[in-house]
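Visitor: Before I ask anything, please put the model on the screen. I will want the criterion behind each label.

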Amino acid sequence: MTNAANARTLRNHVASLETMTRFVLATLALASGVYTYLGVRSLLDGSATMVFFAAVIYSVSVSVGMYGFWTYMIRFLPELREGASRLWMLVMMAIGSLMIIAMSSWLNAAALAGSAAVEQHLAVTLQGYTEDLDQANSNAIGALSLVPDIQRAAERFNRLAEDERTSGALTGTTGSGSVVQLLSQMSAQMRELEATISASRESVQTLFEQGQTSLATMRGLVSAPGSIAERSDAFAKESVVLAGVIASLERTSIAPSVARAAADLSAGFIAPVADGSSTDLVGRQDAVIATVRASVAQQSTALATAAQEIMAQPKVEERRYVPLTSAEAVIRYWDQFIPSWAGAISIDLLPAALVGVMAVVYGAIRRSEETMTDVDRLSAGDVLRALEIQDTLLAKARARGEAATAESAAKAEPVAEPEARPAPPENVTPLTLGDRKRGET
């Protein structure tokens, strides 16, 4: 195929596809306007009528603006030949594309994936509340981990008291003296502290079960069918209840009380007076009491340290559920909905591909026409029209020639003399028409 035929074929194709190009642009603009309407409607508040008309006006503006913008691009950009002009037009197209994304594409994405994005927001919030409940429960029952140590200390003091009573294992003298009383007292204090910690288990368990119930309800709202707006409202109400349960668990922790009780074991230690019957026994009792004091101080320090470690655990920060619109959710969780974003942007920017196709086609046409001669640029119609013009010119030339010949022949013929008028008779005065009229007057 010659360059002339190639260029002519491409131009014919461009002309034949003009209607299709307009149809594609109009369809894409209409699709973008519909999804823009759905996205705008979820953002507006007010009466149903006002929301409807406002969304329609905005979506129509977007559709008309898109159609006009891409029509200008597809008309002008392929025709530009200078590099600077084409570069500036590409810059304008990039700026316009960014404006289209800003005013339409994110709303299209909200319409395509808005409900899923809000569900994602509910799921993320639910996960946060689950972690908060677990942490609050862990903080609340942290003191329960001290129960085994307290039980062992209570059992040891009780066993020493029993050994001293039955066999005099500490002082060498059997009976219930001051040493036995002191050991029994320490064992009783440990038992009381154990009972205090164990008593908190039931209240913590009750609150934790309430929190689990709220989490189950919220989990059902995340995956339940129906309007996402209604589910979001119900989720918000349930989150308030769960936040109260978590706060109650934070206040239920027994660790501060354990720390104070452990400090009281050492600071409030009251040693009984040795009541031995002999000076030697009194000395042994004092020695055992001093040993018990040291043991109690050591136990108190260990419990206080463990309680401080429990209290040093990070507190649960107050979490508040903030409802999001579909557009806000799509923007916040954009990385979870990349296919939806790609589809929304493609609807708006697909005409850019048509502009590129037309630019390539016009470039091929220009390259083919640059190597064409004047003869190659003539079509059959041009030749026929040229022949018609030539025939017309020849006919006019022949007519002018015939007219000139006739004129020359007319000039060559002899000129005929005018006939002589007869002389008027004598004694008759000739009258002209003017004189006659004056006479008649």
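Visitor: Why is L30 called exposed?

Guide: Exposed means a relative accessible area over 50%, buried means under 20%, and partly exposed covers what is in between (1.4 Å probe, protein chains only). L30 has a relative accessible area of 56%, so L30 is exposed. Bear in mind that this is a predicted model, in which local features need pLDDT of at least 70 and side-chain atom pairs count only at pLDDT 80 or more, while totals for chains, interfaces and linings use all residues. Residues are numbered from 1 along each chain as its sequence is written, and side-chain values use heavy atoms, with hydrogens and water left out.

Visitor: Where does L30 lie?

Guide: L30 is in helix α2. Helices are DSSP runs of H or I with at least four residues, strands are runs of E with at least two, and both are numbered from the N terminus. The C-alpha atoms of L30 and Y67 are 8.9 Å apart, with these positions 37 residues apart in sequence.

Visitor: How many helices and strands does the chain have?

Guide: There are 13 helices and zero strands. Of its 441 residues, 33% count as buried.

Visitor: Which share of the contacts in the chain joins residues 24 or more positions apart?

Guide: A contact means heavy atoms within 4.5 Å. Taking contacts with a separation of 6 or more, 81% are between residues 24 or more positions apart.

Visitor: What makes two aromatic rings a pair?

Guide: Rings of Phe, Tyr and Trp (its six-membered ring) pair if their centres lie within 6.5 Å; planes under 30 degrees apart are stacked, over 60 edge-to-face, and the rest tilted. This rule gives five aromatic pairs. One of them is Y37 with F52, at 6.3 Å centre to centre and 80° between the planes, which is edge-to-face. It joins distant parts of the chain, with Y37 in helix α2 (residues 18-41) and F52 in helix α3 (residues 48-76), 15 residues apart.

Visitor: Why does Y37 count as buried, and why is F52 called partly exposed?

Guide: Y37 has a relative accessible area of 16%, under the limit for burial, so Y37 is buried. F52 has 39% relative accessibility, which falls in between the two limits, so F52 is partly exposed.

Visitor: Why is the pair of F235 and Y321 edge-to-face?

Guide: Their planes are at 65°, and the ring centres are 5.0 Å apart, so the pair is edge-to-face. This pair also links distant parts of the chain: F235 is in helix α7 (residues 228-252) and Y321 is in the loop between α9 (279-311) and α10 (326-332), 86 residues apart. Both F235 and Y321 are buried.

Visitor: Which residues do ring pairs link into a cluster?

Guide: The cluster consists of Y37, F52 and F53.

Visitor: How do you know that S59 is buried?

Guide: S59 has 8% relative accessibility, which is under the limit, so S59 counts as buried. S59 is in helix α3. Beyond its neighbours within four places in sequence, S59 is in contact with G33, T36 and Y37. A polar atom of the S59 side chain lies 2.9 Å from the backbone oxygen of V56.

Visitor: What makes the link between H121 and Y333 a polar contact?

Guide: A polar contact is a pair of N or O atoms within 3.5 Å; within protein, one must be able to donate a hydrogen and the other to accept it, and residues adjacent in sequence count only if both atoms are side-chain atoms. The side chains of H121 and Y333 are joined by such a contact of 2.8 Å. H121 is in helix α4. With a relative accessible area of 5%, H121 is buried. Neighbours within four places aside, H121 touches Y321, V322, L324, R332 and Y333.

Visitor: Why is Q127 called partly exposed?

Guide: Its relative accessible area is 48%, in between the two limits, so Q127 is partly exposed. Q127 also lies in helix α4. The C-alpha atoms of Q127 and L215 are separated by 9.3 Å, with these positions 88 residues apart along the chain.
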